[in-house]
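Let's take a walk through this structure together. Have the viewer open and follow along as we go.

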Amino acid sequence: MSSIPDLSVEISGFKMKNPTMLAAGILGVSIPLLRRVLEAGAGGVVTKSIGVGQRKGYETPNIVEVSCGYVNAVGLSNPGIDEFLEELQKSDISDMPIIVSIFGKSEMEFFELVSKLDKTDVKGFELNLSCPHVSGVGAEIGSDPNMVYKITKEVKRCSKKPIFVKISPNVTDHIEIARAAEDGGADGIVAINTLRAMVIDIETGRPILSNRVGGLSGPAIKPVAVRYVYDISRNVKIPVIGCGGINHWEDAIEFMLAGASAVQIGTAIAYKGLNVFNEILYGISEYLKRKGHHSVKEIVGLSHKF
Amino acid sequence: MFRYQADKPIDRPRIVSVKAVEDESPIVRTIYFDDEKCSEALPGQFIMVWIPGVKELPISLSLPSKKGNSAITVKPIGPGTNALYNVKPGDKIGVRGPYGTPFQPTNGKVLIVGGGTGLAPLSLLCYKYISYYTHITVIVGARTSNQLLFIDKFQDILKGKGRIIVTTDDGSKGYRGFASEVAEKLIKTEDFDMVYTCGPELMMKAIFKASEERGVAIQASLERVMRCGFGICGSCCIDRYLVCKDGPVFNTHQLRIMQDELGVYSRDYSGRRVNIH
């Protein structure tokens with residue numbers, strides 16, 4: 001009789017009952033809603049990116065479907081750190097594996113965000129150094145290894161909680177960026193954010209997104225993301241969390257074989273709803289049993305030997 | 001299960017021509033257009049309407065197909081709705097959807113309460129499910145008499161199967177006061193198999209409370225800021241629900257769960273809480 005495989009993971013002190021997480025930017029900042037995602041099966045959740053001030057985001061349309069994915073430019077809409085702190089205070093989050101995604105345009109802004117959030121029960125931080133469609137933040141900072149190093153170091157200085165750095169595929173040398181984050185003291189790398197993309201409506205001739213360009217997510221970017229995870233996990237010592245087009249349990253397995261210790265799911269929710277977490281977990285569990293593994297940790301990076 | 005297929009229809013704006021526009025009141029207009037998917041929508045479902053160069057907006061489908069058309073009913077209250085209100089026959093708009101949960105029909109005696117443009121999805125409900133009902137009471141509420149919507153249409157649909165009660169806040173026609181006041185009295189004194197409501201959230205909250213006290217089932221159509229329309233951006237959250245995907249029509253059980261937020265606050269585009277007055 002095969003025993004039930006152990007799906008629990010611990011990534012640099014961040015504990016989850018399984019390796020699936022809600023990706024940043026999806027489903028917002030409402031704590032009751034994030035709790036529902038956890039009840040649906042997710043091992044952890046990442047909030048929408050929070051900045052120092054309130055941001056409305058871009059005018060709609062903000063998202064458009066394409067074959068094999070979506071292109072979105074929401075524009076880092078968020079209520080600002082002080083309002084978000086109130087949101088956190090409304091609910092007891094002590095039992096929630098919740099990571100707050102944060103963005104800023106300088107070390108000072110990251111310092112302000114982390115020093116305020118560090119006192120709360122959030123379990124860690126994900127630095128959004130990769131948003132592809134807002135100027136002065138995200139990928140614009142995340143494509144400069146020196147800035148990545150400095151911001152990561154600053155954040156590490158003001159918190160003992162795990163810090164993950166989410167990196168962009170829209171950079172010249174992703175390994176250099178991942179190493180800069182590692183040198184700055186990051187506890188993990190999240191790879192990847194969306195790819196810069198654009199959609200034009202041929203009847204009107206207009207770009208559909210109000211921001212004209214956005215970020216492509218979904219099945220279209222999966223092979224790209226797998227390669228980034230593979231590359232990065234072979235070149236840094238810290239854990240890598242995979243993200244990009246994970247839609248089926250097979251995708252999750254592929255990311256883990258490539259070197260991901262956990263996987264983040266976003267766009268798949270548009271196709272399958274929150275049931276996607278259970279579906280993926282069931283598939284992972286059956287795969288591990290069939291392959292004779294006792295723990296999901298055993299398959300992380302297995303493809304590196306070839 | 002999603003697998004990429006070259007022939008899979010992609011859910012992006014379908015560009016359609018405006019066929020006709022019709023004034024429902026001095027400040028509300030119905031816009032007719034051709035779209036097969038929209039004409040198959042169920043009452044309560046909504047679409048995302050793109051006014052190219054201006055904005056994309058969530059709007060309920062309001063009237064049954066008129067020579068194969070679909071219809072939305074709009075009141076100008078901001079740049080997006082202003083632009084939509086002013087479209088002319090022949091203008092191009094984009095539509096995607098329909099999205100969301102519809103009203104569920106029920107057999108028996110029903111109460112339908114609409115305030116302002118909240119009457120829009122309720123009129124489609126009446127058209128579609130008239131045969132299910134043994135008796136219908138429609139409360140049509142507005143601020144003032146020239147803002148009352150669809151009264152002639154409801155008279156046509158009901159055909160002696162029920163009654164229409166008109167309320168205006170200023171008393172310029174019908175009962176003077178809120179639609180919710182009349183609804184609360186009726187719920188207390190009569191037996192309904194279902195209450196359907198759409199309109200200002202405080203009105204719906206009052207009606208929900210009265211329904212709860214009497215143990216009557218209710219379905220309410222809510223409104224929130226929306227971006228995606230299909231349950232991924234989270235802009236339209238209310239407690240643990242998404243108005244775009246779990247709603248816009250919510251049942252008694254769901255309304256109970258969201259009671260701390262219903263009629264208390266909504267959220268703006270940033271996600272910041274805004275009190276509902």
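**A walk through the two chains**

Let's start at Asp251(A), which sits in helix α8, residues 249-258 of chain A. Keep in mind that this is a predicted model. Is Asp251(A) buried or exposed? Its relative accessible area is 7%, so Asp251(A) is buried. Leaving aside residues up to four places away in sequence, Asp251(A) touches Lys222(A), Gly245(A) and Ile246(A).

Now zoom out to the whole of chain A. You'll find ten helices and 14 strands there. The C-alpha trace spans about 55 × 50 × 40 Å along its principal axes. For 306 residues, a compact globule would be expected to have a radius of gyration near 19 Å, and the 18 Å of chain A agrees with that. Of the 306 residues in chain A, 64% are buried. The contact pattern is worth a look too: take the contacts in chain A between residues at least 6 apart in sequence, and 72% of them join residues at least 24 apart. On the outside, chain A has an accessible surface of about 11,200 Å², with 50% of it belonging to carbon and sulfur atoms.

One spot on that surface deserves a click. Met198(A), Ile200(A) and Val213(A) make a nonpolar surface patch of about 240 Å². Met198(A) belongs to strand β11, residues 195-198 of chain A. With a relative accessible area of 43%, Met198(A) is partly exposed.

Next, on to where the chains meet. The size of an interface is often given as the accessible area lost when the parts come together. Here, about 3,900 Å² is buried between chain A and chain B, and carbon and sulfur atoms give 55% of that. Arg36(A), Thr60(A) and Glu65(A) supply 15% of the area that chain A buries against chain B, more than any other three residues. Counting participants, the contact takes 54 residues from chain A and 41 residues from chain B.

What about charges? Side chains of opposite charge can pair when their charged atoms come close. How many salt bridges cross the interface of chain A and chain B? The rule finds seven. In one salt bridge, Glu87(A) pairs with Arg273(B), and the closest N and O atoms are 3.7 Å apart. Both residues also appear in a network of salt bridges that links Glu83(A), Glu86(A), Glu87(A), Arg267(B) and Arg273(B).

Searching the whole structure, over all chains, gives 30 salt bridges. Within chain A, Arg35(A) forms one with Asp95(A), with the closest N and O atoms 3.1 Å apart. This pair links distant parts of the chain, 60 residues apart: Arg35(A) is in helix α1 (residues 31-39), while Asp95(A) is in the loop between α2 (81-90) and β7 (98-102). Arg35(A) counts as partly exposed at 27% relative accessibility, and Asp95(A) counts as exposed at 52%.

Hop over to chain B for two more. Arg29(B) and Asp23(B) meet through their side chains in a salt bridge, 2.7 Å from N to O, and Arg29(B) is buried, with a relative accessible area of 17%. Arg163(B) and Glu190(B) also form a salt bridge, at 2.7 Å from N to O. Arg163(B) lies in strand β9 (residues 162-168) and Glu190(B) in the loop between α5 (179-189) and β11 (194-198), so the pair ties together parts that are 27 residues apart in sequence. At 28% relative accessibility Arg163(B) counts as partly exposed, whereas Glu190(B), at 17%, counts as buried.

Finally, some backbone oddities. Most residues other than glycine have a negative phi, and most peptide bonds are trans. Leu27(A) is not a glycine, yet its phi is positive, at about 65°. Leu27(A) is in the loop between β3 (20-22) and α1 of chain A, and at 1% relative accessibility it counts as buried. Leu76(A) has a positive phi as well, near 50°. Look for Leu76(A) in the loop between β6 (69-72) and α2 of chain A; its relative accessible area of 10% makes it buried.

Chain B brings the cis peptides. Gly97(B) and Pro98(B) are joined by a cis peptide bond with omega about 0°, and Pro98(B) lies in strand β6, residues 92-99 of chain B. The bond from Gly247(B) to Pro248(B) is cis too, with omega near 10°. Pro248(B) is in the loop between β14 (241-242) and β15 (249-251) of chain B.

Methods:
Residues are numbered from 1 along each chain as its sequence is written. Chains are lettered from A and ligands numbered from 1 in the order in which they are written. This is a predicted model: local features need pLDDT of at least 70, side-chain atom pairs count only at pLDDT 80 or more; totals for chains, interfaces and linings use all residues. Side-chain values use heavy atoms; hydrogens and water are left out. Patches are made of residues with over 30% relative accessible area and no salt bridge: like charges are joined within 9 Å, nonpolar side chains (Val, Leu, Ile, Met, Phe, Trp, Tyr) within 5 Å. Accessible areas come from the Shrake-Rupley method with a 1.4 Å probe; for residues, only the protein chains shown count as cover. A salt bridge is a side-chain nitrogen of Lys or Arg within 4 Å of a carboxyl oxygen of Asp or Glu. Helices (H or I, at least four residues) and strands (E, at least two) are DSSP runs, numbered from the N terminus. Buried means under 20% relative accessible area, exposed over 50%, partly exposed in between (1.4 Å probe, protein chains only). The radius of gyration is taken over C-alpha atoms; the globule rule is 2.2 Å times the number of residues to the power 0.38. Contact means heavy atoms within 4.5 Å. Buried area is the accessible area (1.4 Å probe) that two parts lose on being put together, summed over both.
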